[in-house]
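Visitor: Got a minute to walk me through this one? I'd like to start with how the helices pack.

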Amino acid sequence: MKTIKNIIGIMVCLGMIALTNSCNQSAKKTEDATLDSARIVSINGTITEILADLGLEEKIVGVDVASTYPASIQTKPKIGHNKNISAEGVLALNPTLIIGTKADLKPETLEQFKQAGIQVLLFEQAYSVEGTKNLIKSVSDSVGLPSKGDSILVSLNSQLERVASYASQTPKPKVLFIYARGTGTMMVGGTGTQVDAMISLAGGENVAKDIQDYKPLTAEALVAYNPDVLLLFDSGLSSLGNAEGLLEVQGVKETNAGKNKKIVQMDGQFLTGFSPRLAQTIEELHKKIH
């Protein structure tokens, strides 16, 4: 009798295991089917890079204007700047999933997407090495591709080891980041900005530590900061008439950077995205400012 009970118990256990495996396989098939039919709109350049690295580029049907990498992504329909997205323009693309960061959407726009029944995933983004790793893991886990996310992180960690010493190297060049949209709009980046964090990681010193966020640039402040390096987005430098135009801005020629014509330009998304290309960004900025 005891033997019969044992046999029945084993059969019940095997049945439960088979049922569990069947449920897991069914859930996996459902997840795969959902991903296969996904129509994704990415409203953040860094999120777009992560999705592309996860192999989901073909599922993306629209992106914000900051989504410039990989180059092939630039053929996708643009839905505007992430700070001024039109819900109607996004919905016209018939997305099944909208992905971005929590800083990207106005509450009223988010509500419009929810009312339309569209799934929206918004993530925290911290502008740091750990913040980048956490974002990659969060996105990859949320779209059901954790193993691919882990592979990206393994590669990133290896690259970051190569540039880890840059932040502590001395001497540190004094760097001033200028956000420009023509001479009428010129701001300097202080603490709490992506450029402040990136300058530090690349072994530089942000001379605008006395201000928070962005403040208008004045000739007096420029001369007082006396940076060794002037750092701009390539689009910003172009708006000033390139290096020659920047040198004509009042106060520039009085700085060490102006005297030595030490002007550095980088792509905006590459410099401030804190994306899977983070180690490459740190390395390139380090070489350019030293």
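Guide: Sure. A word on terms before the packing: axes here are lines fitted to C-alpha atoms, for helices over the stretch in contact, and angles run from 0 to 180 degrees between N-to-C directions. Also, this is a predicted model.

Visitor: Fine. At what angle do H6 and H13 cross, then?

Guide: Roughly 20°, with the axes of helix H6 (residues 146-163) and H13 coming within 8 Å. Angles under 35 degrees count as roughly parallel, so H6 is roughly parallel to H13.

Visitor: Is that crossing left-handed or right-handed?

Guide: H6 passes H13 in a left-handed crossing.

Visitor: And which residues of H6 and H13 meet?

Guide: From H6 you have Leu 156, Gln 159, Leu 160, Arg 162 and Val 163, and they meet Leu 278, Ala 279, Gln 280, Ile 282 and Glu 283 of H13. Sorted by class, that contact has six nonpolar, two polar and two charged residues.

Visitor: What about H7 against H13, how do their axes cross?

Guide: At roughly 70°, and the axes of helix H7 (residues 194-201) and helix H13 (residues 278-289) come within 9 Å. That makes H7 roughly perpendicular to H13.

Visitor: Which side chains should I click on for H7 and H13?

Guide: On H7, pick Met 198, Ile 199 and Leu 201; on H13, their partners are Leu 278, Thr 281, Ile 282 and Leu 285. The H7 contact with H13 has six nonpolar residues, one polar and no charged ones. Leu 278 and Ile 282 of H13 turn up in the contact with H6 and in the one with H7.

Visitor: Nice. Moving towards the N terminus, how far apart are the axes of H2 and H5?

Guide: They're 10 Å apart, and helix H2 (residues 45-53) packs on helix H5 (residues 129-142) at an angle of about 60°. H2 and H5 are therefore oblique to each other, and their crossing is right-handed.

Visitor: Who meets whom between H2 and H5?

Guide: Thr 46, Ile 47, Ile 50 and Leu 51 of H2 meet Leu 135, Ile 136 and Val 139 of H5. That's six nonpolar residues, one polar and no charged.

Visitor: Changing topic: how much space is in the largest pocket?

Guide: About 900 Å³. Its lining has 30 residues, and Ala 66, His 81, Asn 82, Gln 194 and Thr 272 lie nearest the centre.

Visitor: Which elements give two or more residues to that lining?

Guide: H2, strand S5 (174-180), helix H9 (234-239) and helix H12 (268-272). The largest share is from H12, with three residues.

Visitor: And how does the pocket lining split by class?

Guide: It has 14 polar, nine nonpolar and seven charged residues.

Visitor: Last topic, backbone oddities. Where are the cis peptide bonds you'd point me to?

Guide: One joins Tyr 69 and Pro 70, with omega about 0°. Pro 70 is in the loop between strand S2 (60-63) and helix H3 (87-91). Another runs from Thr 170 to Pro 171, with omega near 0°. Pro 171 sits in the loop between H6 and S5.

Visitor: What's the phi of Lys 261?

Guide: Near 50°, a positive value in a residue other than glycine. Look for Lys 261 in the loop between helix H11 (256-260) and strand S10 (263-266).

Visitor: Why flag these at all?

Guide: Because most residues other than glycine have a negative phi, and most peptide bonds are trans.

Notes:
Residues are numbered from 1 along each chain as its sequence is written. This is a predicted model: local features need pLDDT of at least 70, side-chain atom pairs count only at pLDDT 80 or more; totals for chains, interfaces and linings use all residues. Side-chain values use heavy atoms; hydrogens and water are left out. Helices (H or I, at least four residues) and strands (E, at least two) are DSSP runs, numbered from the N terminus. Angles under 35 degrees count as roughly parallel, over 145 as roughly antiparallel, 65 to 115 as roughly perpendicular and the rest as oblique. A crossing is left-handed if the near helix is turned anticlockwise from the far one by less than a right angle, and right-handed if clockwise. Contact means heavy atoms within 4.5 Å. Ala, Val, Leu, Ile, Met, Phe, Trp, Tyr, Cys and Pro count as nonpolar, Asp, Glu, Lys and Arg as charged, and the others, Gly among them, as polar. On a 1 Å grid over the protein atoms alone, a cavity is a set of points where a 1.4 Å probe fits but cannot get out, and a pocket is an open set with protein on both sides within 12 Å along at least five of seven lines; lining residues have an atom within 4 Å of a point. Grid points are joined across faces, edges and corners, and a volume is the space filled by probe spheres set on the points.
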